[in-house]
There are 2 protein chains.
Amino acid sequence: MAERASTGVQSVERAFELLELITNARYEVTLSELAELADLPLPTIHRLLRTLVSLGYVRQLSNRRYGLGPGLIRMGEVASRQLGAWARPHLAGVVAQLGETANMAILDGDMATYVAQVPSAHSMRMFTEVGRRVHTHTSGVGKAILAQLDDAHVRRIVGRAGMPTPTDHSIGDVDALLEDLARIRSRGYSIDDNEQERGVRCYAVAVPGMPSQTAISVSGPLTRVDEQFAARAIPILTEAAHAIAADIENVNRRS
Amino acid sequence: MAERASTGVQSVERAFELLELITNARYEVTLSELAELADLPLPTIHRLLRTLVSLGYVRQLSNRRYGLGPGLIRMGEVASRQLGAWARPHLAGVVAQLGETANMAILDGDMATYVAQVPSAHSMRMFTEVGRRVHTHTSGVGKAILAQLDDAHVRRIVGRAGMPTPTDHSIGDVDALLEDLARIRSRGYSIDDNEQERGVRCYAVAVPGMPSQTAISVSGPLTRVDEQFAARAIPILTEAAHAIAADIENVNRRS
DNA sequence: AAGTAACTTCCACCATTCGGAAACATTCGA
DNA sequence: TCGAATGTTTCCGAATGGTGGAAGTTACTT
């Protein structure tokens, strides 16, 4: 994880770190590999893994290697359902009309996390894994979310999260960011222009009235996602955002 | 969770207990509700939740309620992919031919856990949530798995897990279970006849050659799932089991 | 069969966790 | 609108639960 509270429960953090490492592994992973990746002593890892195995979130195979356990499936599905699966048809509509990858992300602590994605059918396309956390100041969705907040709140978020600059287009100081946010507010949408990743452009709009700060985006390679594309994309994105908002309003009305 | 190691890391266990409670909650849950459900002091829960929030596995909403966080999505998807999503088309074939719910389960510690399911189109149908853990001795899939193991191994598993009898059809002692397993071995398939749940019958076969002990089943109400049904179902189940095994062999060959 | 590497268990120590009390924030009712 | 009640968050010293080096066990390789 990119960020963690210094006052968190250490053993819980370590357990989840191991889970993330196993998730990132090809399929199975050995205790020694985990020890190397996590830089923790073997018995510490072993004890945490034993706990995770007994709880069903990790499995130990007959060859003594470890893999994810079935207990994570239901939690993952419920989380997905709660956070974004119902947005998928709207995102699919965006992809159908624009031909590029559509994402939805929410403000998650001081970061933005992708919670739904419908990928473009192009071979060369934006692929961002659902569940991935990114900095708000370098992502289209992140900036669309920040533009909804007041400047003091923005300062707190980026102050805590930091402002790394992954590319030479990235914004690195809060004043420049606040200027960009002002532009986003007046223009109605946000642009990530090679800021998160070279060669990638992204347009994003906020989803109004959501329980968590939310934005949706469409993104792809510079060759296809240009200003001409934007002229078509923004109304479609905006309409999808409003449709998603209407959906959640209906869900809330039903429960 | 039904079972847990007594030498597990307590704080990790508690963190996951909270995650499970949030997963089971309707959508959002308050700190006080969690305290009541978990029977732990408020500050303990708060501290664990703060850790989980900072890691992204739990979200705190603006109304101070807690919900699952997006960090669980990717782990859940990877776990699902590793454990059972690739079996889904075969299970769907079973359902298409037989019209009843098909499940796949794996041995998970001393229990069996459902890792894939394709439900019947009937209104009245077997519904078992993916991720759910059940006792081996009372479930069709569990007994199909146990029948693959030697008697000493079976004794260890049920000795540790216990042998509760949820219905008056359930097997409650290990000798009767071993006799049933002998029958299963000679007959080639397993039957859960009102043993796990009244009114439900299930036929199951083991999937050969899997990294984890695995079985698939078809189940439904007594009125439809009878011996006549079994005569049709067993060859179809057996064929699906072999097709799944062939799939995993191909996956292993590719990596 | 022997040696090596990887994994698992043990247990004394102390760092981290725990939870009661206090402080803070929100909600509800008059 | 204000005060009381309820719910949530923070603090910090005690003690317990987590840690990790050492020893034991298992699996793999030659």
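Across all chains of this predicted model, the count of salt bridges comes to 20. A few of them make a convenient start, before the tour moves to an interior strand position and then to the two DNA strands.

**Stop 1: helix H8 of chain A**

Select Arg183(A) and Asp180(A). They form a salt bridge in which the closest N and O atoms are 3.6 Å apart. Both residues belong to helix H8 of chain A, residues 174-187, and a spacing of 3 residues puts them about one turn of the helix apart. The two partners differ in accessibility class: Arg183(A) is partly exposed, at 45% relative accessibility, while Asp180(A) is buried, with a relative accessible area of 8%. The class of Asp180(A) follows because buried means under 20% relative accessible area, and the value for Asp180(A) is 8%.

**Stop 2: Arg201 and Asp193, in chain A and in chain B**

Select Arg201(A) with Asp193(A). The closest N and O atoms of this salt bridge are 2.9 Å apart. Arg201(A) has a relative accessible area of 16% and is buried; Asp193(A), at 28%, counts as partly exposed.

Now switch to chain B and select Arg201(B) with Asp193(B). A salt bridge joins these two residues, again with 2.9 Å between the closest N and O atoms. Arg201(B) is buried, its relative accessible area being 16%. Asp193(B) is partly exposed at 29%.

Go back to chain A and add Lys143(A) and Glu195(A) to the pair from the opening stop. Lys143(A), Asp180(A), Arg183(A) and Glu195(A) are joined into one network by salt bridges that share partners.

**Stop 3: Thr113(A)**

Select Thr113(A), which sits in strand S4 of chain A, residues 111-118. Is Thr113(A) buried or exposed? Its relative accessibility is 1%, so Thr113(A) counts as buried. To see what surrounds Thr113(A), leave out the neighbours within four places in sequence; the residues in contact are then Met104(A), Ala105(A), Ile106(A), Asp108(A), Gly131(A), Arg132(A) and Arg133(A), together with Pro70(B) from chain B.

**Stop 4: residues 9-70 of chain A**

Colour residues 9-70 of chain A. An unreviewed UniProt entry places the feature "domain: HTH iclR-type" here. Over this range the chain is 60% helix and 10% strand, and the C-alpha atoms at its ends are 24 Å apart.

**Stop 5: DNA strand C**

Show the residues around DNA strand C. There are 21 of them, and those that come nearest are Gln10(A), Ser32(A), Gln60(A), Arg64(A) and Thr44(B). Of the atoms of DNA strand C that come within 4 Å of the protein, 79% are accounted for by sugar and phosphate.

Three polar pairs can be picked out one after another:

- Gln60(A): a polar side-chain atom lies 2.8 Å from a phosphate oxygen of DNA strand C.
- Gln10(B): an N or O atom of the side chain is 3.4 Å from a phosphate oxygen of the strand.
- Arg47(B): a side-chain N or O atom is 3.4 Å from a phosphate oxygen of the strand.

Which elements give two or more residues to the surface near DNA strand C? From chain A they are helix H1 (10-24), helix H2 (31-38) and helix H3 (42-55); from chain B they are helix H1 (10-24) and helix H3 (42-55). Coloured by class, the residues of this surface divide into 6 nonpolar, 10 polar and 5 charged.

**Stop 6: DNA strand D**

Move to DNA strand D, which 22 residues surround; the closest are Thr44(A), Arg47(A), Gln10(B), Ser32(B) and Gln60(B). Sugar or phosphate makes up 73% of the atoms of DNA strand D within 4 Å of the protein, and the rest belong to bases.

Select Gln10(B) first here: a polar backbone atom of this residue is 2.7 Å from a phosphate oxygen of DNA strand D. At Ser11(B), a backbone N or O atom lies 3.0 Å from a phosphate oxygen of the strand. At Tyr66(B), the atom to pick is a polar side-chain atom, 2.9 Å from a phosphate oxygen of DNA strand D.

At least two residues of the surface near DNA strand D come from each of H1 and H3 of chain A and H1, helix H2 (31-38) and H3 of chain B. H3(B) gives the most, with 4 residues. By class, this surface has 7 nonpolar, 10 polar and 5 charged residues.

Conventions
Residues numbered from 1 in each chain as written. Chains lettered and ligands numbered in written order. Predicted model: local features only at pLDDT ≥ 70, side-chain atom pairs only at ≥ 80, totals over all residues. Heavy atoms only, no water. Near = heavy atom within 4 Å. Polar contact = N/O pair within 3.5 Å; in protein donor to acceptor, adjacent residues only side chain to side chain. Nonpolar A, V, L, I, M, F, W, Y, C, P; charged D, E, K, R; others polar. Salt bridge = Lys/Arg side-chain N within 4 Å of Asp/Glu carboxyl O. Buried < 20%, exposed > 50% of the residue type's maximum accessible area, 1.4 Å probe, protein only. UniProt positions renumbered as here; feature names shortened; annotations may be inferred. Contact = heavy atoms within 4.5 Å.
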